[in-house]
Amino acid sequence: MSTLNVNTIANASGTTAATIDSAGRILQPAKPFFHVSESNNTGAVGITGQLVFDTVITNIGSHYDTAGFFKAPVAGLYQFNFSGMGCGTTGGGALPSNQGCHALLQKATDDAFTTGLVSFASAFSQVVSSTSFPNISVSGSILLAANDRVRAVMGNNYVFASATAIYDPQFSGYLIG
């Protein structure tokens, strides 16, 4: 049996890849992770199609591209999450009764999302009895090759964004391993 007794694990160039704290927890400061949101400082809006998030909350490794997608730095299993409120107009108006909104997480192998396009997770939310702003959230895990891209898309109707941060749509993802 061999024992490795170190507090820090670094790559060949000396960059710290992981540390072990005094309680034995393994910390991975360079593990890819991003969390972004979409705010509209001028008032309420409804956004459809590919979502381009304007507020970067966290972007460890700078793998979230402000063109609206995450680019995997290494092959592995990744987790992605999207949440927002559906709405029915470009002005951020409520979704009418008996209508729904559809959010997707998509993977592709190019920046234009034309090659290798796959929808790997989706969610649908419908307004049944009265006009409202339904919650919509979707999460999914996927195996990615290095340089694959992932984006969040509103497939129909709109996602609500406003100057009030608590209503902003959120998109996040990270490398599991």
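Q: To begin with one residue, is Arg-149 buried or exposed?
A: Buried means under 20% relative accessible area, exposed means over 50%, and partly exposed lies in between, computed with a 1.4 Å probe and protein chains only. Arg-149 has 9% relative accessibility and therefore counts as buried.

Q: What kind of model is this, and how are its residues numbered?
A: This is a predicted model, in which local features need pLDDT of at least 70 and side-chain atom pairs count only at pLDDT 80 or more, while totals for chains, interfaces and linings use all residues. Residues are numbered from 1 along each chain as its sequence is written, and side-chain values use heavy atoms, with hydrogens and water left out.

Q: How many helices and strands does the protein have?
A: Helices (H or I, at least four residues) and strands (E, at least two) are DSSP runs, numbered from the N terminus. The protein has 14 strands and zero helices. Its C-alpha atoms fill a box of roughly 65 × 35 × 30 Å along the principal axes.

Q: Which residue meets Arg-149 in a salt bridge?
A: In general, side chains of opposite charge can pair when their charged atoms come close. A salt bridge is counted when a side-chain nitrogen of Lys or Arg is within 4 Å of a carboxyl oxygen of Asp or Glu. The partner of Arg-149 is Asp-111, at 2.7 Å from N to O. This pair links distant parts of the chain, with Arg-149 in strand β13 and Asp-111 in the loop between β10 and β11 (118-126), 38 residues apart. Asp-111 is partly exposed, with a relative accessible area of 44%.

Q: How many salt bridges does the structure hold?
A: The structure holds three. Another of them joins the side chains of Lys-107 and Asp-148 at 3.7 Å, N to O. Lys-107 lies in strand β10 (residues 100-108) and Asp-148 in the loop between β12 (135-144) and β13 (149-161), so the pair ties together parts that are 41 residues apart in sequence. Lys-107 is buried at 15% relative accessible area, and Asp-148 is buried at 6%. There is also a salt bridge between Asp-21 and Arg-25, whose closest N and O atoms are 2.7 Å apart. Here Asp-21 is partly exposed at 22%, whereas Arg-25 is exposed at 51%.

Q: Why is Cys-101 in no bond with Cys-87?
A: A disulfide is a covalent bond between the sulfur atoms of two cysteines. The rule asks for a pair of cysteine sulfur atoms within 2.5 Å. The sulfur of Cys-101 is 8.2 Å from that of Cys-87, its closest cysteine sulfur, and this is too far for a bond. The count of disulfides is zero. Cys-87 is buried, at 0% relative accessibility, and Cys-101 is buried with a relative accessible area of 0%.

Q: Which residues have the most contacts inside the largest nonpolar core?
A: In soluble globular proteins, nonpolar side chains tend to be buried together. A nonpolar core is a set of buried Ala, Val, Leu, Ile, Met, Phe, Trp, Tyr and Cys residues joined through side-chain atoms within 4.5 Å. The largest one has 27 residues, and those with the most contacts inside it are Phe-53, Phe-80, Phe-82, Leu-105 and Phe-171. At least two of its residues come from each of β4 (33-37), β9 (76-87), β10, β11, β12, β13 and β14.

Q: Which residues is Phe-53 in contact with?
A: Contact means heavy atoms within 4.5 Å. Leaving aside neighbours within four places in sequence, the contacts of Phe-53 include Val-36, Tyr-64, Phe-82, Ala-152 and Phe-171. Across the protein, residues 24 or more positions apart account for 69% of the contacts with a separation of 6 or more.

Q: Where is Gln-99 found?
A: Gln-99 is in the loop between β9 and β10 and counts as partly exposed at 33% relative accessibility. Not counting residues up to four places away in sequence, Gln-99 touches Ser-125, Gln-126, Val-127 and Asn-157. Gln-99 and Gly-88 are 11 residues apart in sequence, and their C-alpha atoms are 8.5 Å apart in space.
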